[in-house]
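User: Could you take a close look at the salt bridges in this model for me? I would like to know which side chains pair up and where they sit.

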Amino acid sequence: SKAITVPALLALKKAGEKITMLTCYDASFATLMDRCGVEVLLVGDSLGMVCQGHSSTLPVSIADMAYHTASVARGNRTALLMTDMPFGSYATPEIAFENAVKLMQAGAQMVKIEGGAWLADTVRFLTERAIPVCAHLGLTPQSVHQLGGYKVQGKSDSAAAQMKSDALALQEAGAAIVILEAIPAALGKELTDMLAMPTIGIGAGPDCSGQVLVMHDMLGVFPGHKAKFVKDFMEGQTSIDAAVRAFVTEVKNKAFPAAEHCF
Ligand code: KIV
Ligand code: NA
């Protein structure tokens, strides 16, 4: 099959076809997920929790992200490879650029950063220098100590309005995609309808342009807390291939997320 590109994701949104995305941290799983039709592989800084065993994503370094990105890149053939910029690596546009270059040279095709309108200058600085950017709004795990835990975001009218203006500012600055994490399904729909860029939800309702899950969650191997938005796709399956294919099928045919996975 043909390689998935950033413009191809926009075309999927325009065509009304759901986008499939999973986190991935090594070469073997990259090959498996790519073979099963996952369109975007995210080297998430969730690796700090699911691979390294930390209780948050804060300890993850740029070197860690580059190492896992290079591993995933070796196993991947056609999926789009996105990598998270870790905590503390994008405090200014210049610092963000220097760090994003390391990830792109390791094999990332786009980078993701967590936060609202304060990042608009950084998004512009990166995109002007040929680094596609994915934004991340709602529950942004790098802000756990400011948020006071892993909680649903955008519940009040004022928080929802703030998220909409943040999303517009980031899109205007050049963001190509946005991840929406742990927000009311109704707000996920409003943002998806309002924005030209695709929205990829994780606990953001069924109306987002696509869905993402952490692989250790959707395979039922993460020993920690299971969030409401997680579905264990290994249930009823006899292979990891089948579980990943079930995720792709259920996102494409809109069976996932169901009401029980939404806020
Ligand atoms: O790090 C990660 O896995 C993520 C996804 C949950 C979107 O950012
Ligand atoms: Na992340």
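Analyst: Happy to! Please keep in mind that this is a predicted model. A good place to start is Arg-35, which forms a salt bridge with Asp-241, their closest N and O atoms lying 2.6 Å apart. This pair joins distant parts of the chain: Arg-35 belongs to helix H2 (residues 27-35) and Asp-241 to helix H11 (residues 240-252), with their positions 206 residues apart in numbering. Arg-35 counts as partly exposed, because its relative accessibility is 47%.

Next comes Asp-84, which is bridged to Lys-112, again with closest N and O atoms 2.6 Å apart. Here, too, distant parts of the chain are linked, with Asp-84 in strand S3 (residues 80-84) and Lys-112 in strand S4 (residues 110-114), 28 residues apart. Asp-84 has a relative accessible area of 3%, so this residue is buried. Lys-112 is buried as well, at 2% relative accessibility.

A pair within one helix is formed by Asp-193 and Lys-189, whose side chains meet in a salt bridge at 2.8 Å, N to O. Both sit in helix H9 (residues 185-194), and because they are 4 residues apart, about one helical turn separates them. Asp-193 is exposed, with a relative accessible area of 54%, whereas Lys-189 is partly exposed at 37%.

Finally, there is a network of salt bridges that links Glu-17, Glu-39 and Lys-252. For the overall tally, a search of the whole structure finds 9 salt bridges.

Notes
Residues numbered from 1 in each chain as written. Chains lettered and ligands numbered in written order. Predicted model: local features only at pLDDT ≥ 70, side-chain atom pairs only at ≥ 80, totals over all residues. Heavy atoms only, no water. Salt bridge = Lys/Arg side-chain N within 4 Å of Asp/Glu carboxyl O. Helix = DSSP H or I, 4+ residues; strand = E, 2+ residues; numbered from the N terminus. Buried < 20%, exposed > 50% of the residue type's maximum accessible area, 1.4 Å probe, protein only.
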